[in-house]
Amino acid sequence: MTMSNLLEVKDLSVSYGAIQALRKVSITVEEGSIVAILGSNGGGKTTLLKKISGLIEAVEGTVRFAGEDITNLSAEKIASLGIVQSPEGRQVFSDLTVEENLSIGAFTLKAKDGVSRKVRLKENLKRVYKYFPVLKERKNQVALTLSGGEQQMLAISRALMASPKLLILDEPSLGLAPLIVRDIFQIIKEFRNEGTTILIVEQNALQTLKIADYTYVLQVGEVIIEGKAEELKKDHKLVEAYLGK
């Protein structure tokens, strides 16, 4: 494993009882890149994310992060190493304010390089408010009163508050209007440009291929296609066959 590979999943198989959800899946996420996992519902995308985050066990295979074998570590330990997930369906704390949600996202944040936790927390708040100014305007509102798009912005921002080494995004465009989707994807690209490594699972294939560096297509628990996003985007037959028009 080279130092440029932040995450390496090798020959991963996961079963739910008699149903095999993943079959010998291997993916690599290079540091400083956006890697996309695409495919239809039931392909195994969310199962893969759950295993990387330590929420389920594998039948076989390994997951390595920053050179360390994390295959059998707990979800809490994996989060403390710097893998942070923004879950499908947003899952914000609806009865808490925007700022309270963001503070909860920073629970694993520690002092670093002589900078106190308090200062880092303040810097991270400033950062997410720069990306999503509407959240600053609504910082004292309870999350329940936000629109769907604003809740998605809050869910992503909450994950960013932990200063993740790897940010995992599960269906960030789900249920959102096209204009909001375009804005959120543009901001995800900015995260990458500022040094955050991103693993994104999406059904919105075309938008995702526009921002991703490398892409894997999962179908019925197996990687059926992989390659540079720029090249896959040009393959119209592939996009229509596996990713929808």
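# Exercises on a predicted model

An open sheet in this predicted model holds four strands in the order 2-1-4-5, paired antiparallel. The exercises below start from this sheet.

## Exercise 1. The edges of the sheet

Task: state which strands stand at the edges of the sheet and what this leaves without a neighbour.

Solution.
1. The order of the four strands is 2-1-4-5.
2. Strand 2 and strand 5 (68-69) are at the edges, and each has a single partner strand, so one side of each lacks a neighbour in the sheet.
3. For strand 5, the partner is strand 4 (residues 60-65); two bridges join the antiparallel pair.
4. Within this pair, Phe-65 has Glu-68 of strand 5 as its bridge partner.
5. Helix 1 (residues 45-52) packs on the sheet, where it touches strand 1, strand 2 and strand 4. The direction of helix 1 makes about 115 degrees with that of strand 1.

## Exercise 2. A glycine in a loop

Task: locate Gly-17 and decide whether Gly-17 is buried or exposed.

Solution.
1. Gly-17 sits in the loop that lies between strand 1 (5-16) and strand 2 (19-30).
2. The relative accessibility of Gly-17 is 71%. The cut-off for exposed is over 50%, so Gly-17 counts as exposed.
3. As a distance check, the C-alpha atoms of Gly-17 and Glu-231 are 37 Å apart, with the two positions 214 residues apart along the chain.

## Exercise 3. A salt bridge between strands

Task: find which parts of the chain the pair Lys-24 and Glu-60 ties together, and classify both residues by accessibility.

Solution.
1. The closest N and O atoms of Lys-24 and Glu-60 are 3.4 Å apart. The cut-off is within 4 Å, so the pair forms a salt bridge.
2. Lys-24 belongs to strand 2 and Glu-60 to strand 4, so the pair ties together parts 36 residues apart in sequence.
3. Lys-24 has 48% relative accessibility and counts as partly exposed. Glu-60, at 35%, also counts as partly exposed.

## Exercise 4. Two further salt bridges

Task: place the pairs Lys-130 with Glu-194 and Lys-233 with Glu-230 in the structure.

Solution.
1. The count of salt bridges comes to five.
2. One of them joins the side chains of Lys-130 and Glu-194, at 3.0 Å from N to O.
3. Lys-130 is in helix 4, while Glu-194 is in the loop between helix 7 and strand 8, so this pair ties together parts 64 residues apart in sequence.
4. Lys-130 is exposed, at 51% relative accessible area, whereas Glu-194 is partly exposed, at 44%.
5. Another salt bridge joins Lys-233 and Glu-230, at 3.6 Å from N to O.
6. Lys-233 and Glu-230 are three residues apart in helix 9 (residues 229-234), which separates them by about one helical turn.
7. Lys-233 is partly exposed at 26%, and Glu-230 is partly exposed at 44%.

## Exercise 5. An enclosed strand

Task: explain why strand 3 is described as largely enclosed, and name its pairing partners.

Solution.
1. Five of the five residues of strand 3 (residues 34-38) are buried, so the rest of the structure largely encloses this strand.
2. Both faces are covered: one side carries the buried Ile-34, Ala-36 and Leu-38, the other the buried Val-35 and Ile-37.
3. Strand 3 pairs with strand 8 (residues 197-202) in the parallel sense, over five bridges. Opposite Leu-38 in strand 8 stands Glu-202.
4. Strand 3 also pairs with strand 9 (residues 214-219), again parallel, over four bridges. In strand 9, Leu-38 has Val-217 as bridge partner.

## Exercise 6. Helix 6 and the nonpolar cores

Task: check the length of helix 6, judge its burial, and name residues of the nonpolar cores.

Solution.
1. Helix 6 (residues 148-160) has 13 residues, which at 1.5 Å a residue should span 18 Å; the end C-alpha atoms are 19 Å apart, in agreement.
2. Of these 13 residues, 12 are buried, so helix 6 is largely enclosed by the rest of the structure. Among them are Met-153, Leu-154 and Arg-158.
3. The buried residues of helix 6 pack against elements including helix 4 (117-131), strand 7 (166-170) and helix 7 (178-193).
4. The largest nonpolar core has 48 residues; among those that touch the most other members are Leu-154 and Ile-200.
5. Beyond its sequence neighbours within four places, Ile-200 contacts residues including Ile-34, Ala-36, Leu-169 and Ile-188.
6. Apart from the largest core lies another, of 27 residues, with Val-35, Ile-56, Ile-168 and Tyr-216 among its members.

Conventions
Residues numbered from 1 in each chain as written. Predicted model: local features only at pLDDT ≥ 70, side-chain atom pairs only at ≥ 80, totals over all residues. Heavy atoms only, no water. Buried < 20%, exposed > 50% of the residue type's maximum accessible area, 1.4 Å probe, protein only. Core = buried A, V, L, I, M, F, W, Y, C linked by side-chain atoms within 4.5 Å. Contact = heavy atoms within 4.5 Å. Pairing = 2+ DSSP bridges. Axes fitted to C-alpha atoms, helices over the stretch in contact; angles between N-to-C directions. Expected span 1.5 Å × (residues − 1).
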